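Reader: I've just started looking at protein models. Could you walk me through how to read one?

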Amino acid sequence: MAVCACYSKVSAADSLVLAAIQIMIGTFCVFMWYLVLILYMGQIKGVFGTYEPITYKTGCFLWGIIFIISGISIIGATRHPSQRQLTCAMLMNIICIIVAIISVILTVVELSTFESVSYRNYGQAKLGREISRVLLSFYTLEVCIAFTYTIFSCVGLCRRKEDAPTADTEEVENAF
């Protein structure tokens with residue numbers, strides 16, 4: 001059973017779907033950053049201050065640009081498959097996995113701690129935390145997509161190296 005799973009690969013259509021989903025997730029994250037930016041910039045300084053979560057301070061929502069670039073690299077590797085393009089797409093997906101895991105950790109830290117804010121800013125803080133909850137599920141989806149493509153592209157690269165005949169093999173075959 002493990003031998004059959006080792007030789008599976010992702011079709012071109014599946015790669016394009018994974019890339020499109022990555023681009024949509026990245027675009028959604030960037031748009032949510034814009035919404036959160038407007039939301040938190042409109043806070044009124046009260047007695048308890050303003051709510052500025054760690055994901056807002058680190059620009060975690062803007063990291064969606066990396067998801068977009070990774071999706072574009074998958075499309076490039078699907079349209080013009082070469083070892084260099086597949087390696088580039090695989091490396092971008094590894095970077096996506098790292099960024100998405102860091103985003104998940106920062107979002108969980110943000111959602112697990114909530115300091116009291118001014119009653120004027122409570123609604124904005126609550127809405128911002130709901131946006132973070134939604135993005136937490138998208139970050140998890142991004143990890144799954146990037147991990148899937150990385151595994152299958154690694155298998156594809158290893159398979160290409162095994163399928164490529166060596167010069168010695170070609171000489172022996174041509175002699176007979």
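Author: Let's go through the overall fold, then charges, cysteines and a surface patch. This is a predicted model, where local features need pLDDT of at least 70 and side-chain atom pairs count only at pLDDT 80 or more, while totals for chains, interfaces and linings use all residues. Residues are numbered from 1 along each chain as its sequence is written, and side-chain values use heavy atoms, with hydrogens and water left out.

Reader: How many helices and strands does the protein have?

Author: Helices (H or I, at least four residues) and strands (E, at least two) are DSSP runs, numbered from the N terminus. Here you get 7 helices and 0 strands, so the pattern along the sequence reads α-α-α-α-α-α-α.

Reader: What share of the residues is buried?

Author: Buried means under 20% relative accessible area, exposed over 50%, and partly exposed in between (1.4 Å probe, protein chains only). Of the 176 residues in this protein, 36% are buried.

Reader: Okay, charges next. Which residues form a salt bridge?

Author: Side chains of opposite charge can pair when their charged atoms come close. The rule is a side-chain nitrogen of Lys or Arg within 4 Å of a carboxyl oxygen of Asp or Glu. That gives a count of 1 salt bridge: arginine 133 with glutamate 130, whose closest N and O atoms are 2.7 Å apart. Both lie in helix 6 (residues 122–163), 3 residues apart, about one turn of the helix. Arginine 133 is partly exposed because its relative accessible area is 39%, and glutamate 130 is partly exposed too, at 35%.

Reader: Which side chain of opposite charge is nearest to glutamate 142?

Author: For charge, Lys and Arg count as positive and Asp and Glu as negative; His and the chain ends are not counted. The nearest one is arginine 79, 18 Å away, and glutamate 142 is buried without a salt bridge. Contact means heavy atoms within 4.5 Å. Leaving aside neighbours within four places in sequence, glutamate 142 touches Gln22, Ile25, Phe67, Cys96 and Ala100.

Reader: How many disulfides are there?

Author: A disulfide is a covalent bond between the sulfur atoms of two cysteines. The test is a pair of cysteine sulfur atoms within 2.5 Å, and the whole structure has 0.

Reader: Last one: which residues form the nonpolar patch?

Author: Patches use residues with over 30% relative accessible area and no salt bridge, joining like charges within 9 Å and nonpolar side chains (Val, Leu, Ile, Met, Phe, Trp, Tyr) within 5 Å. Here Ile54, Ile101, Ile105 and Val109 form one, with about 310 Å² of accessible area together (Shrake-Rupley method, 1.4 Å probe; for residues, only the protein chains shown count as cover). Helix 5 (residues 83–112) gives the most, with 3 residues, while isoleucine 54 lies in helix 3 (residues 54–57).
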